[in-house]
Structure formats: C-alpha cells, structure tokens
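Thank you all for coming; I would like to use this slot to walk through some local features of one structure, going from surface exposure and charge pairs to a helix, a set of strands and some backbone details. Please keep the display open while I talk.

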Amino acid sequence: MTRESTGEKGIGSGAGGEGDAVGWSSVEAAVPELARRVRERFGAHRHHVLATVRKDGAPRLTGLEADFRHGELWLGMMTGSRKAADLRRDPRFSLHANPGPGTDLAGGDVRVSGRAVEVTDPGVVARYAAAVQPPEPFHLFRAELTEVVRTFTEPPYVVVETWAPGRGPRTIRRTSNDPARQVE
C-alpha cells in the first residue's frame, strides 16, 4: 500500500517551475526537520555526485564537494572544469549525497535539484575562499533549489519525503506490492 501525506499548500509538479527556486535558508525556514536531515546526510561524507547537462543534452556525473555556509549551498569547482562549463551553459543540476560504505544508508538517501548561479562578486568569492581555502583559481556557484528529496526505509515501507518551493512537504510510504498510490 502507498500512503501519501501533503503539507497545507498541496501537491505541485515536484520539480518547481522556472521561477520557483530558492536558496538553502528558505528550505531551512520552510521544512526545518527535512533540511536538518538533508544537511546532516551531506555532512556525513566530503565528496558527492553532481549531475549536470552536457552540451549534447546527455547527463554528466562528476564528483563534487558541496558546502553549506552563510545560509546557502555552495558548489565550488576547478577553473575550466567540464562541470563548470556545463553549469554556465545550462544551470540545471542535481546533487546526490555520497551513500557511504555498505548498504544501510544511515540517515537516508538524499538529493537536491535546482539551478546553479555563478558567483562573481569579488567580496563573496573572497569570503568563501578565506573560509574554505579551496585550490585557486576556482569557480563558485550558489545553488537555487527546486526540489529536496530524502528516501529512507521504515519497515515495511520505503518512505520518500519531498519538498519544492510553492508546495508544501509531501511524504509517500510504499511497499513493493503497491498496485497504486493512495493518498492519506
């Protein structure tokens, strides 16, 4: 059986519209518990998997260190990297937290999706560089999120928690025997 519960704003498309993207602090304000769990999961490991759109439209998966700082999710990368070129051409991305060793997925499986905005303000870049001390020079992008997803098990269910701007949080509980979705 699949059960779904929704927040008070109803169910949207899940991906957010072209104008529906927010910074990390807005996620924390809207869904603080989900945001805490997602941030903790990203904090469990240093390297994560970034998906971008290649020039030919195919997906590109690459490693990335993500950083939560000053109410934002930051994506830093080497100057001239293909992922930076991808994001400059098409800012859409998904970032999947490193699942870590084994198959237990302690804390759940999380990802965020949205658009990456390149940060070129020298003051902001300098503040980030002073705090993080990345190899220089580097590209810095700020994540504007359109979706936050956490998946975990709660026997007998697989539970999927999602949130997108303009729509309340949604929780779906499913088993592998579910013929159709039922909404709580």
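Let me begin with a cut-off, since the reasoning needs it: a residue is called buried when its relative accessible area is under 20%, exposed when that area is over 50%, and partly exposed in between. Please also keep in mind that what you see is a predicted model.

With that cut-off in hand, take E144, whose relative accessible area is 21%, so that E144 counts as partly exposed. Its salt-bridge partner is R142, and the closest N and O atoms of this pair are 3.0 Å apart. R142 has a relative accessible area of 22% and is therefore partly exposed as well.

This pair belongs to a longer list, because a search of the whole structure finds 15 salt bridges. As a general point, side chains of opposite charge can pair when their charged atoms come close.

Another example is the salt bridge in which the side chains of R54 and D56 meet, with 2.9 Å from N to O. Here the two partners fall into separate classes of exposure: R54, at 33% relative accessibility, is partly exposed, whereas D56, with a relative accessible area of 55%, is exposed.

A third example takes us into a helix, where E40 forms a salt bridge with R36 and the closest N and O atoms are 2.7 Å apart. Why are E40 and R36 separated by about one helical turn? They are four residues apart in helix α2, which covers residues 32-43, and so about one turn of the helix lies between them. The general rule behind this is that an α-helix has 3.6 residues a turn, so residues three or four places apart point the same way. As for their surroundings, E40 counts as partly exposed at 46% relative accessibility, and R36 counts as partly exposed at 38%. The pair is also part of a wider arrangement, in that E33, R36, R37 and E40 are linked in a network of salt bridges.

Let me stay with α2 a little longer. The helix has twelve residues, and from its first C-alpha to its last it reaches 16 Å, which is close to the 16 Å expected at 1.5 Å a residue. Which residues of α2 are buried? They are L34, A35, V38, R41 and F42. These buried residues cover an arc of only 130° around the axis, which means that they sit on the same side of α2. On the other side of the helix, P32 and G43 are exposed.

Now to the strands. Strand β2, residues 47-53, runs antiparallel to β3, and seven bridges join the two; within this pairing, H48 has L64 in β3 as its bridge partner. The hairpin of β2 and β3 has five residues between the strands, and in it G57 takes a positive phi near 95°.

β3 is in turn joined to β4 by four bridges, again with the strands antiparallel, and D67 has W74 in β4 as its bridge partner. Between β3 and β4 the hairpin leaves two residues, and H70, in the turn, has a positive phi of about 55°.

That brings me to the backbone. Most residues other than glycine have a negative phi, and most peptide bonds are trans. H70 has its positive phi although it is not a glycine; it is found in the loop between β3 (59-69) and β4 (72-78), and with a relative accessible area of 47% H70 is partly exposed.

Q133 likewise has a positive phi of about 55° without being a glycine. Its place is in the loop between α4 and β7, and is Q133 buried or exposed there? With a relative accessible area of 67%, Q133 is exposed.

The loop between α4 (122-132) and β7 (138-154) also holds P137, and the peptide bond that joins E136 to P137 is cis, with omega about -5°. A further cis peptide bond runs from P155 to P156, with omega near 10°, and P156 has its place in the loop between β7 and β8 (157-164).

That is where I will stop, and I am happy to go back to any of these places on the display.

Methods: Residues are numbered from 1 along each chain as its sequence is written. This is a predicted model: local features need pLDDT of at least 70, side-chain atom pairs count only at pLDDT 80 or more; totals for chains, interfaces and linings use all residues. Side-chain values use heavy atoms; hydrogens and water are left out. Buried means under 20% relative accessible area, exposed over 50%, partly exposed in between (1.4 Å probe, protein chains only). Two strands pair if DSSP finds at least two bridges between them. A salt bridge is a side-chain nitrogen of Lys or Arg within 4 Å of a carboxyl oxygen of Asp or Glu. The expected span of a helix is 1.5 Å times one less than its number of residues. The arc is that of the directions from the helix axis to the C-beta atoms.
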